[in-house]
Every structure is written in structure tokens, then in C-alpha cells.
Amino acid sequence: MVAVPEVRSTTSLPESSRQFWDVLIIGAGPSGALAARQLAIEGARVLLVDRANFPRRKVCGCCLNGAALRILHEVGLGHIERAAGSAVVNHFRMGSSGRQVTLPIHTGIAVSREFLDSMLVQAAVDSGADFLDGVLATIESTEAASISVRLKSSSPIGIPQELSAHARWVLIAGGLGCRAFADPARDERAAAKGSRIGAGTILSESVSDYPPGTIHMACHRSGYVGLVRLHDQRLDIAAALDAAEVRDAGGIGPLVERIIQSAGFTQPATLNGAHWTGTARLTQSRSSVYGDRYFVIGDAAGYVEPFTGEGMAWALASGRAVAPIVASALRSEAEHGDDFLSNYGQDWNQVRSRLLHKRARACRRLSRLLRYPALVNLGVRALAWNPALSKPFVGSLNLPYNTSEGSGGRR
Ligand SMILES: Cc1cc2nc3c(=O)[nH]c(=O)nc-3n(C[C@H](O)[C@H](O)[C@H](O)COP(=O)(O)OP(=O)(O)OC[C@H]3O[C@@H](n4cnc5c(N)ncnc54)[C@H](O)[C@@H]3O)c2cc1C
């Protein structure tokens with residue numbers, strides 16, 4: 001069993017409100033944690049805040065694809081893959097209306113989010129960032145030379161503390177449905193019409209039908225359910241479901257059972273009593289990914305349904321790409337004052353769009369096709385007849401996120 005690193009807060013709430021930070025990062029998922037680490041390496045004083053107590057779970061299929069692993073290796077965090085041990089995933093089994101096909105895919109790994117996110121936060125701390133968990137962060141106001149963030153401890157024990165911290169820049173990395181502003185209108189995101197909701201659970205049982213190394217995906221007109229054996233042998237289940245179908249089925253659990261059954265997969269014995277966590281609507285976009293002294297990164301900036309399992313690669317790519325832009329803005333302000341600050345927001349907008357736009361569009365198209373069971377069944381038959389048909393698509397998911405796509409920033 002691979003142990004989850006015990007990552008601890010490196011500062012206290014009163015101490016963080018006394019300091020003046022170069023960058024305060026809201027959310028310690030892959031985008032926020034990697035940005036914190038990269039900025040700390042650049043010499044910035046970074047505070048990484050998460051409302052959850054770490055290690056924390058997150059609804060996720062937990063598969064890091066080849067492109068995500070490449071990013072980790074490129075930034076010098078290849079030890080995370082090695083520490084995960086025997087977590088390799090290299091096959092994809094898809095089932096629909098009782099038909100199934102198994103395809104080879106590029107090598108990825110299946111790791112719990114408690115493990116992965118703690119490893120990333122630890123890497124940020126090791127590089128000099130400060131970390132504060134169990135603290136909800138809310139942007140209050142922007143002044144001429146700083147941005148003010150309300151920090152509220154969310155610990156169930158003791159008297160809740162609430163203080164303000166100040167930073168030059170804030171990165172909003174709070175994930176899907178994140179609320180980062182005191183004024184809710186500023187968090188406005190548009191959910192795509194008919195967008196599905198996410199749901200997830202983790203089971204401890206071993207079901208021989210779900211061996212390690214394969215992502216098992218059950219597809220149905222009302223959604224899809226992914227099952228994968230994690231590095232610690234637990235079975236992760238993550239789903240994208242039509243909200244109306246969840247209501248009609250009497251809850252997430254019954255609908256997931258129906259989808260697994262209709263794909264012809266084995267029902268895990270303990271699925272019936274599983275504790276499910278749901279998410280906000282999955283396909284969302286934000287009208288702007290920057291503003292007065294803040295940038296938005298990762299899922300908080302926009303997300304598309306998870307069928308292709310790229311979300312963490314997008315989050316890591318954006319965490320890595322935003323860091324040189326923020327570092328450059330900090331240097332420019334130190335040398336020339338705040339004359340050019342608005343340019344950096346535009347830089348981030350362009351870099352993010354170059355990095356992710358095409359990939360998100362392809363993912364959106366695929367998720368639309370998945371709404372048509374006849375097409376899905378046809379696809380399963382065609383792939384069973386000739387598995388090589390999947391090659392161009394599988395290859396496109398693993399294309400590297402070139403540094404030139406995302407290394408913007410004025411020098
Ligand atoms: C059903 C499902 C299956 C998926 N499967 C996969 C998969 O197999 N592979 C893959 O690569 N991706 C998958 N994804 C996508 C992946 O989970 C996300 O894209 C990824 O976690 C985004 O990272 P992030 O850093 O942007 O945000 P998150 O990982 O969501 O982290 C955000 C953090 O911010 C914190 N936070 C939020 N608001 C505040 C606040 N105001 N103050 C302080 N902290 C705050 C939260 O506690 C959280 O820890 C899946 C998603 C879903 C829903």
C-alpha cells in the first residue's frame with residue numbers, strides 16, 4: 001500500500017494575515033498546487049490556501065494521462081509517478097447495450113486524489129510556498145497595489161477565525177463551481193445547455209471483473225460511468241449523469257447501477273451502500289479568465305465533461321503556464337510600477353486559449369456524440385472490428401502541451 005504523504009499547514013491564519021504575499025492561490029488542486037510550486041521556484045512569496053483539510057478526496061476518474069505525466073516529468077516532479085508504484089493504466093474497456101470492446105491506450109496512471117494532490121502540495125511547500133488548509137478564501141476588494149482576501153477557518157472544532165490577507169496577485173484555482181468572490185455575480189459561469197452533473201465514490205472491495213491497468217467505461221443514453229482500480233487497490237467510480245435521469249431513477253446510486261448493468265459489466269457488491277458525492281454542472285465557461293490583479297486557472301476557468309479524462313492534464317498545463325506570466329508581472333511592477341499590469345491578463349487569456357481551446361472543443365464534440373446511443377453502439381462495433389480506428393483519437397489526447405503553447409508572459 002502506498003502511503004498518502006501527510007501534508008500540513010506551514011503557517012497559521014493570523015501569521016498569513018500579517019504577511020504581504022506576492023501571490024495568494026485559492027485552491028490546492030493540481031492547477032493551484034503546481035502554480036504555487038512554479039512561482040515559489042521563481043522566488044515569489046506564495047500562500048496556497050484550500051478550504052478542505054488535506055488529504056482530501058475529490059470526485060474524479062483519477063486517471064492521469066500520458067500528457068499529464070509528461071508535464072510532471074518536464075517540471076521535475078517525475079518522482080510522483082514513481083511513488084505511485086504499480087498504478088499503470090494502458091487499456092480502455094468500453095461497454096454499451098451489452099456490447100464491449102477493449103482498446104490499448106497510451107500509458108497513464110490511476111492514483112487517488114488524496115495521494116496526487118498531497119504530493120503536489122508537498123512539492124510546492126518543498127519549493128518554499130506556504131500552505132494553509134481548512135481555510136475558505138474569498139476575494140474582498142482590489143486596491144491600487146494589492147488585492148485583499150478574506151480567510152475563514154473552516155475547522156469544525158474551536159472558534160472559527162476570520163482575517164484578511166493581502167497579496168499582489170491572486171490565482172483563482174478553486175475548481176468547478178468555485179466561489180471566490182464576496183459578490184457572487186463576479187463568479188458567474190455559464191453552464192452549457194443540458195450539461196451533465198458529476199458524481200463519484202470509492203469502494204474498498206476487490207471485484208475480479210475490474211483488474212488494474214484498465215479504465216472500464218459503461219455508456220448509456222443517461223450518462224457514463226468510469227471504474228478504475230487505483231494504485232492502492234481501491235475501486236474508483238466516477239460518472240457524468242443527466243440530472244433529470246438521476247431524479248427519475250431515485251438518486252445517483254440507482255442510476256449508476258442501471259448504467260453498469262446495461263453495459264454488461266459486473267455490479268460491485270458494495271455499490272448499493274456507497275456514499276456518493278455530486279458536483280455542479282460539468283460543462284461550464286467563464287466570460288473572463290482574468291481581472292483586477294487576479295487570474296483564473298484550472299477548472300475554475302472552464303471545464304468540459306470528463307469522458308476523455310484530460311481535466312488534470314489541463315489543470316497542470318494551466319498551472320505551469322500561468323506561473324511565468326505572474327512572475328513577469330511581479331518583476332515588471334517592481335521595476336516600472338503598475339503601468340502595464342492589464343497586459344498580463346490579456347497574455348494569460350491568449351496563452352490559455354492556445355493551450356486548451358482545441359482540446360476542449362474536441363472534448364465538447366465527443367460528449368455531444370455520446371448523447372446518441374445508436375452512434376455509441378455503432379462506434380463500439382466498429383472498434384471491436386478494427387481497434388486501430390481509435391488510434392488517431394487516442395493519440396490526440398496524449399499530444400504534449402508544448403511549452404511554446406503556454407510559456408507566454410512579458411519579460
Ligand atoms: C466525474 C469526473 C471524472 C473525472 N475524471 C478525470 C480523469 O480520469 N482524469 C483527469 O485528468 N481528470 C478527470 N476529471 C477532471 C479533474 O478532476 C479536474 O479537471 C481537476 O481536478 C481540476 O483541477 P483544479 O486544480 O482546477 O481544481 P480541483 O482539483 O477541483 O481543486 C480545487 C480546490 O480548490 C478548493 N477550493 C474551492 N473553492 C475554494 C475557496 N473559496 N477557498 C479555498 N479553497 C477552495 C477545493 O477544496 C479544491 O481542493 C474528472 C472530473 C469529474 C467531475
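User: In this predicted model, which helix holds Ser-367, and why does Ser-367 count as buried or exposed?

Analyst: Ser-367 belongs to helix H9, which covers residues 341–369. Its relative accessibility is 7%, and buried means under 20%, so Ser-367 counts as buried.

User: What is Ser-367 in contact with, once its neighbours within four places in sequence are left aside?

Analyst: With those neighbours left aside, Ser-367 is in contact with Val-304 and Glu-305, where contact requires heavy atoms within 4.5 Å.

User: What makes the pairing of Asp-50 with an oxygen atom of the ligand a polar contact?

Analyst: A polar side-chain atom of Asp-50 lies 2.6 Å from that oxygen atom, and because a polar contact is a pair of N or O atoms within 3.5 Å, the pair qualifies. The same cut-off admits Lys-58, which has a side-chain N or O atom 3.2 Å from an oxygen atom of the ligand, and Gly-61, which has a polar backbone atom 2.7 Å from a nitrogen atom of the ligand. The protein covers 96% of the 1,000 Å² of accessible area that the ligand has on its own.

User: Which elements each supply at least two residues of the shell around the ligand, and how many of its residues are nonpolar, polar or charged?

Analyst: Helices H2 (30–41) and H8 (311–336) do, as do strands E2 (46–50), E7 (135–142) and E14 (235–241). By class, the shell has 19 nonpolar, nine polar and eight charged residues. Of the 36 residues around the ligand, those that come nearest are Ser-31, Asp-50, Arg-56, Gly-61 and Met-312.

Conventions. Residues numbered from 1 in each chain as written. Predicted model: local features only at pLDDT ≥ 70, side-chain atom pairs only at ≥ 80, totals over all residues. Heavy atoms only, no water. Near = heavy atom within 4 Å. Polar contact = N/O pair within 3.5 Å; in protein donor to acceptor, adjacent residues only side chain to side chain. Areas by Shrake-Rupley, 256 points an atom, 1.4 Å probe, with all protein chains shown as cover. Helix = DSSP H or I, 4+ residues; strand = E, 2+ residues; numbered from the N terminus. Nonpolar A, V, L, I, M, F, W, Y, C, P; charged D, E, K, R; others polar. Buried < 20%, exposed > 50% of the residue type's maximum accessible area, 1.4 Å probe, protein only.
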